[in-house]
Amino acid sequence: MSAPTKNKVIVLQPGYSREDEHDATAMRANCTCTLVRCRDGLNIIVDTMTAWDGDLLRSLLRHQGLEVEDIHVVVCTHGHSDHIGCNYLFQSARMHMVGACASNRDLYLDHLTSDDENEELALDTNGEVVVKRTPGHTLSCVSVIVQNTQFGGGPVGIAGDLFERREDVEDERIWRNAGSEDESSQRVERSKMALLCDHIVPGHGPMFSLNTEMRLKLKQFAELQKVNNK
């Protein structure tokens, strides 16, 4: 059997966020959970849902022919409880990342620790799957960018809550109401990500493709933010 020629990005479970139907002051949310099957054989899971989703996540992985022991790297785009809940399943993984913090058991690893905002951490041997900082929703947020994908080779950004869902490209209230520790930074990082990627996996919705109009709108929001910051 020949080796895979593309990295595969598989959304195991699209996320959601919405007001609770019984209490308008409360919210229901769970993250989008994504599997990356690298062409070098590495398996990466990004965002592991809530702690009550263990059986579901095992089932989703088995549908892909995998067990939890087959996951090599766990990346959580940030530390909120609906993104890290099933990390406990992956005790065979060589590395867990929660935001920009990386560890193996009690050993903390020197990754993404510099002041260089362009620093990236390659996860695969081909350098086609990288983690980079994308602060905004939280100051320690990261995203995973996958090059050479099954989508015509185009790059996919697994962005966590940098994007809540596709609709927040037009309506900023969606991501702002979800909370942002640095709205200025988030606007800039959203535009950067849109320029780097053809598809986005958002934190609380299905994957979507980007077009010129969407990139322009995100760029305009970011440029207006820069003007307001002066």
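Visitor: Where does Asn 148 sit?
Guide: This is a predicted model, so to speak a calculated one: local features need pLDDT of at least 70, side-chain atom pairs count only at pLDDT 80 or more, and totals for chains, interfaces and linings use all residues. Residues are numbered from 1 along each chain as its sequence is written, and side-chain values use heavy atoms, with hydrogens and water left out. Helices (H or I, at least four residues) and strands (E, at least two) are DSSP runs, numbered from the N terminus. With those names, Asn 148 lies in the loop between strand S12 (142-146) and S13.

Visitor: Is Asn 148 buried or exposed?
Guide: Asn 148 has a positive phi, near 55 degrees, in a residue other than glycine. Buried means under 20% relative accessible area, exposed over 50%, and partly exposed in between (1.4 Å probe, protein chains only). Asn 148 has a relative accessible area of 18%, so it counts as buried.

Visitor: What about Arg 105: what is its relative accessibility?
Guide: Arg 105 isn't a glycine either, yet it has a positive phi of about 55 degrees. You'll find Arg 105 in the loop between S8 and S9. Arg 105 counts as exposed because its relative accessibility is 75%.

Visitor: Which residue in S9 is the bridge partner of Asn 104?
Guide: Two strands pair if DSSP finds at least two bridges between them. S8 and strand S9 (residues 107-109) run antiparallel, joined by three bridges. They make a hairpin with two residues between them, and Arg 105 is in the turn. Across that hairpin, the partner of Asn 104 is Leu 107.

Visitor: And in S8, which residue is the bridge partner of Val 98?
Guide: Strand S7 (residues 95-98) and strand S8 (residues 101-104) are also antiparallel, with three bridges. Their hairpin has two residues between the strands, and Gly 99 takes a positive phi near 60 degrees there. On the S8 side, Val 98 is matched with Cys 101.

Visitor: His 78 caught my eye. How far apart in space are His 78 and Ala 100, C-alpha to C-alpha?
Guide: Start with the setting: His 78 is in the loop between strand S6 (73-76) and helix H2 (81-84). His 78 counts as buried because its relative accessibility is 0%. Leaving aside residues up to four places away in sequence, His 78 touches (heavy atoms within 4.5 Å) His 83, Ile 84, Val 98, Gly 99, His 137, Thr 138, Cys 141 and Asp 161. As for Ala 100, it is 22 residues from His 78 in sequence, while the C-alpha to C-alpha distance is 8.0 Å.

Visitor: Which strands do the buried residues of H1 pack against?
Guide: In helix H1 (residues 54-63), the buried ones are Gly 54, Leu 57, Leu 60 and Leu 61. They cover an arc of only 125 degrees around the axis, so they are on the same side of H1; the arc is that of the directions from the helix axis to the C-beta atoms. On the other side of H1, Asp 55 and His 63 are exposed. The buried residues pack against strand S1 (8-13), strand S4 (33-37) and strand S5 (43-46).

Visitor: Which residue just after H1 takes a positive phi?
Guide: H1 covers residues 54-63. Just past H1, a positive phi of about 80 degrees belongs to Gly 65.
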